[in-house]
Protein chains: 2
Amino acid sequence: MTEDDLIAQIRDRIRGVPAERLLLGIGDDAAVWQPSRNNRSVVTTDALIEGVHFTRAAMTAHDVGHRALAANLSDIAAMGARPVLATIALGFPSQTDPGWLLAMYDGIAALAKPSRCAIAGGDLTRAPAITLAITVVGEVRSSNLKTRAGARPGDVIAVSGPLGGSRAGLLLALERPELAADPAFAELLAAYRTPKPRLAEGRWLAASRHVRAMMDLSDGLSTDLGRLCAASQVGARVETVPVHPAARRLAATTGDDAERWALDGGEDYELLLAVERRAFAHLARRFHGRFGRELLAVGRISAQSGVRRVDGVPIVPAGWDHLRDADT
Amino acid sequence: MTEDDLIAQIRDRIRGVPAERLLLGIGDDAAVWQPSRNNRSVVTTDALIEGVHFTRAAMTAHDVGHRALAANLSDIAAMGARPVLATIALGFPSQTDPGWLLAMYDGIAALAKPSRCAIAGGDLTRAPAITLAITVVGEVRSSNLKTRAGARPGDVIAVSGPLGGSRAGLLLALERPELAADPAFAELLAAYRTPKPRLAEGRWLAASRHVRAMMDLSDGLSTDLGRLCAASQVGARVETVPVHPAARRLAATTGDDAERWALDGGEDYELLLAVERRAFAHLARRFHGRFGRELLAVGRISAQSGVRRVDGVPIVPAGWDHLRDADT
């Protein structure tokens, strides 16, 4: 059973639960409700589990805290919202060093602070492995809310930054520590260890009516672009995969395929968006002026379903399926 | 290190994180923020972990789902709020029967439905044990919000129902299955397996300005009354421990101390409140008229700190400390 299969069956099980106050439920980056007339609140949750998402050998406590909050804030950014608060459910084995746990909270706080995200409380419990489930609530003006749906044929598909850096950093951290000292690769390690949620970029892009759909890239372009297309009932033609330049250099050294990292690696936490075609060049110039980084065109939304390269070859979802290794 | 010690150290770590929009943070049943002028949103999170909070041998999947949501809804009730939505972070080992997981969602949905709590999404992941972290968002009119602070000397301490039923049900389920078939004990099993969050009671009580402080009883009266007193900077004198009648009968059979179950057992999910003395009798009559159940007086709030019996003997917090068995 894949993750999407299980989600579909779970949806069946919760049919009939009243949801009249919910504007958007399961299936986008965050759920949306309406606390008052002109405001929308959004909520997202994400868990990191030791042995599944990280090991204490390969990642510092600080980075585990940072990554767990970053994954949630990235979902908030993808809705065009700003974070309000986070709750933290933490489970840990009885022999865990409290210093490790407190350093993890330092990592959470170090990202929460510039993100202006309050830490509102949570739950502490015993668990067989360190288990960190964070929920973040955010807010957005109703007119600015962006979802995965809304892309139309002809729209430009773009990303807020180059891809594959996180996957390259993972390789450095786990398999090629001798290359990790190379300053040319430092930004890859940082992309993996302390990814930056694109909060300011997300809010800025959400304020443009020319941005028709938006989501964050957590599971890889090959998987996530398919999800955006499915939600918008369109397809996509990929012209360029924007590979992180340092990842390209690393792949040349290690004999790997950097474009695969960019397509399938996941955890880059850049924003993926569909922009009205005629507005794209102007939006990209303003984006560069505002953030000093490129809004990178990936391809075009098509009426024909499915994600394909320009030569028609399908791009198969090969990103992170959290249940891929399931026996079931 | 106890749970309260660790929480205190975590608070230190997150000092400096902006929290200007937060009206209430760590330390109450739920955190509170202000989505608009006259409204307050509340959020609470609670995790259930296999082997720590339940075993698949002792509890059905349906009951695990029910209990996990009930614990959160009880916190929402304690704030006087009504639930809006829940998010669910679920981790499970690869060999887990999907049927078990879906039955767990059935249990969640069966309680979410009458509680009018939407299921807004969540996260699925591998984990070494079944890990269910639920976050619930609720709303309350600003004038009705109740917290643990606000109790004053002379107030009547009351609970929304008798205590110890859940602990008695746990004994039946785990150790005395031969007694579990006795219809006299069925309500104890139900109190343990499918506790009812006091949502309607919480909202009704919150609408009274005579109710000065409220919380839910999740960790036991001996622990939770101390927390209410600490938050209100008062003490308490306990005159009567309202023991669940069926628990008293079971204890007589098994040779246990039913009052200890009521004081320390936890997970009864009744509401604990401090009521202005002169208003108590009238409120209790109206409560009975409305809900057909007793509002049970436990004792009085005192100016002197500490929780004591009328004879002066201290009541020591002996409820559930989630980290009590820690080596650290």
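In what sense do strand 1 and strand 2 of chain B pair, and over how many bridges? I looked this up at the outset and found that the two strands pair in the antiparallel sense over 2 bridges. I noted one bridge in particular: Leu22(B) has Trp33(B), in strand 2 of chain B, as its partner. I record here that the model is predicted.

**Entry: the sheet of chain B**

I next traced the sheet to which these strands belong. In chain B, 6 strands form an open sheet in the order 1-2-3-6-4-5, and the pairing is mixed. I identified strand 1 (22–24) and strand 5 of chain B as the edge strands, since each pairs on one side only. From one strand to the next, I read an average twist of 25 degrees. As a general reminder, strands of a sheet pair through backbone hydrogen bonds, either parallel or antiparallel.

**Entry: relation of the two chains**

I then compared the copies. A turn of 180 degrees, with a shift of 0.0 Å along the axis, lays chain B on chain A with an RMSD of 0.0 Å. The two copies are therefore related as by a two-fold rotation axis. I also found that the same surface serves both copies, as 100% of the contact residues of chain B recur in chain A.

**Entry: the contact between chains**

I asked how many residues each chain gives to the contact. The contact takes 67 residues from chain B and 67 residues from chain A. On the side of chain B that touches chain A, I listed the elements giving two or more residues; among them are helix 1 (3–13), helix 3 (98–115), strand 4 (82–92) and strand 6 (131–141) of chain B. Strand 5 of chain B gives the most to this side, with 9 residues. Sorted by class, the side of chain B that touches chain A has 36 nonpolar, 19 polar and 12 charged residues.

**Entry: helix 7 and strand 8 of chain B**

I turned to helix 7 (residues 199–206) of chain B and noted its buried residues: Leu199(B), Glu201(B), Gly202(B), Leu205(B) and Ala206(B). Where do these buried residues fall, seen down the axis of helix 7 of chain B? They fall within an arc of 165 degrees, so they line one face of the helix.

I found strand 8 (residues 211–216) of chain B mostly covered, with 6 of its 6 residues buried. Strand 8 of chain B pairs with strand 10 (residues 271–275) of chain B in the antiparallel sense over 5 bridges. As an instance, I recorded that Ala213(B) has Ala274(B), in strand 10 of chain B, as its bridge partner.

Notes:
Residues numbered from 1 in each chain as written. Chains lettered and ligands numbered in written order. Predicted model: local features only at pLDDT ≥ 70, side-chain atom pairs only at ≥ 80, totals over all residues. Least-squares fit on C-alpha atoms with pLDDT ≥ 70 in both. Contact = placed C-beta atoms within 7 Å. Helix = DSSP H or I, 4+ residues; strand = E, 2+ residues; numbered from the N terminus. Nonpolar A, V, L, I, M, F, W, Y, C, P; charged D, E, K, R; others polar. Pairing = 2+ DSSP bridges. Axes fitted to C-alpha atoms, helices over the stretch in contact; angles between N-to-C directions. Buried ≥ 20, exposed ≤ 12 C-beta atoms within 10 Å, placed from the backbone. Arc of directions from axis to C-beta.
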